[in-house]
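Reader: I should like to request a close look at the space enclosed inside this protein. Could you describe what surrounds it, with the residues named?

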Amino acid sequence: MNQIQSYISEHKSRFLNELIELLKTPSISADSAFKNDVLKTAETVKTSLENAGCSKVEICETAGYPIVYGEKIIDKNLPTILVYGHYDVQPPDPIELWDSPPFEPVIKPTDKHPDGAIFARGACDDKGQMYMHVKAMEFMTATNQLPCNVKFMIEGEEEVGSANLATFVKNNHDKLKNDVILISDTGMIANDVPSITTGLRGLSYVEVELTGPNRDLHSGLYGGAVANPINVLTKMIASLHDENNRITIPGFYDKVEELSQAERKEMAKAPFSLESYQKALDIEAVYGEKGYSTNERNSIRPTLDVNGIWGGYIGEGAKTVIPSKAYAKISMRLVPHQDWEEITQRFKTHFESIAPKGVNIKVNPHHGGQGYVTPIDSIGYQAASKAYKEAFGKTPIPQRSGGSIPIVALFEKELKSKTILMGFGLDSDAIHSPNENFGVWNYLKGIETIPLFYKYYAELFK
Ligand code: BES
Ligand code: MN
Ligand code: MN
């Protein structure tokens with residue numbers, strides 16, 4: 001056992017208990033009813049950074065939830081690593097589908113996590129993964145082997161679009177100056193197939209509101225003679241994909257980066273079983289854009305999905321009614337070179353143009369962000385690769401993810417540094433879903449791998 005491994009085994013139960021405490025506070029940024037819990041969580045994170053050996057820790061107020069900033073600057077000639085994470089979580093709904101309450105963490109073994117997994121909202125996304133960095137920092141300061149300067153920036157609005165963090169970053173270039181950004185808020189292929197995320201998709205999120213008649217109508221008296229907003233909206237939405245499942249918005253694919261056959265071949269080498277994928281989701285077949293594999297569809301190809309749709313009568317029994325309004329929330333995942341604001345505009349123009357006479361359409365953009373790709377020849381990637389090699393005994397596979405962390409592209413634009421995405425979650429951890437969980441093994445492995453990144457980064461930086 002090396003020093004970090006023995007430190008972890010000595011402090012394992014405390015590391016777990018501290019995370020469990022952090023997970024008990026429902027820091028749901030989307031729901032203002034939880035405001036005090038979100039603020040309380042920021043304080044807990046602040047205290048944890050102080051205890052981990054940061055010399056300056058502060059709560060930075062924003063127009064929304066605060067950003068917790070901490071640093072330890074040991075030598076101006078050493079490189080500086082900026083760690084980013086988020087302490088806010090997604091709403092736990094639908095709560096009745098949880099096997100145990102989302103904010104009462106329990107540890108139970110699962111198929112993927114025979115040593116146990118911590119079940120709670122935020123266990124993996126992102127409290128558990130963020131806290132690995134706090135504990136790795138504790139190890140490095142407690143044993144006097146911090147090899148770099150460190151800055152922590154932990155925000156409370158990632159799950160709602162990071163709008164205030166963007167302002168904070170733009171206004172604090174000097175404070176946040178760094179050589180590399182390190183984030184654990186993604187996943188890896190499997191515990192015995194380590195991977196490093198090299199890409200994130202961009203995002204455009206819109207809400208549409210369609211209005212027909214000025215009031216709900218009797219569907220017998222008026223049915224057939226006026227446009228039913230739900231009929232019309234669903235027809236419009238259905239027309240957004242063609243028979244090959246390609247998106248029909250004019251210009252949507254104009255800037256999409258097309259990968260070379262060689263790159264696609266390289267991607268296809270990552271281990272993947274279609275059968276277990278389908279089985280895990282209880283589906284008989286996968287579905288998507290013609291000409292692309294499942295792993296391509298969910299990472300290097302853009303998408304358009306309805307996230308929610310409502311209107312009319314949904315109570316018990318039947319009510320014969322033509323509703324006055326229909327609504328939908330629609331997200332588009334974007335790939336490198338697609339600009340989210342341009343795509344949002346293209347969606348709006350197209351959606352308005354296909355609305356028939358007799359209805360009124362409103363498109364309200366929510367939030368969005370650009371995609372991101374990080375090169376694998378940077379010293380940051382090389383240091384991460386060496387760290388995984390040492391901790392896992394295997395060279396990690398570079399892999400693009402389908403998820404989004406919109407602020408990463410903004411970091412590069414404003415702070416001019418690359419981000420390394422060292423995620424330790426699994427797809428089966430059910431982030432954003434009921435029964436979110438994070439493997440105890442993954443949590444501890446993350447704490448073990450992070451100090452190795454610091455060590456190799458400092459070495460390669462020289
Ligand atoms: N941590 C996730 C993103 C993620 C998860 C990326 C797994 C790659 C692998 C993040 O918290 C998240 O949920 N992002 C949102 C976008 C955000 C603007 C709400 C997403 O991807 O839907
Ligand atoms: Mn996250
Ligand atoms: Mn999330």
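Author: In this predicted model, the lining of the second largest cavity comprises four nonpolar, three polar and two charged residues. The nonpolar residues are Leu-200, Pro-336, Tyr-372 and Val-373. Gly-199, Ser-299 and Ser-401 make up the polar group, because Gly is counted as polar here. The charged residues in this lining are Arg-201 and Arg-400.

The space within the second largest cavity amounts to about 30 Å³. Two elements, strand E8 (195-200) and strand E15 (372-373), each give two or more residues to its lining. Gly-199 and Leu-200 fall within strand E8 (195-200), while Tyr-372 and Val-373 belong to strand E15 (372-373).

The search that found this cavity covered the whole structure and returned two cavities of 30 Å³ or more. A general point explains the approach: empty space is revealed when a probe the size of a water molecule is rolled over the atoms.

The largest cavity holds about 40 Å³ of space. Its lining is formed by Gly-251, Phe-252, Asp-254, Lys-255, Gln-338, Asp-339, Glu-342 and Ile-343. By class, this lining contains four charged, two polar and two nonpolar residues. The charged residues are Asp-254, Lys-255, Asp-339 and Glu-342; the polar residues are Gly-251 and Gln-338; and the nonpolar residues are Phe-252 and Ile-343.

Definitions and conventions. Residues numbered from 1 in each chain as written. Chains lettered and ligands numbered in written order. Predicted model: local features only at pLDDT ≥ 70, side-chain atom pairs only at ≥ 80, totals over all residues. Heavy atoms only, no water. 1 Å grid on protein atoms, 1.4 Å probe; cavity = no way out; pocket = protein on both sides within 12 Å on 5 of 7 lines; lining within 4 Å. Points joined across faces, edges and corners; volume = space filled by probe spheres on them. Helix = DSSP H or I, 4+ residues; strand = E, 2+ residues; numbered from the N terminus.
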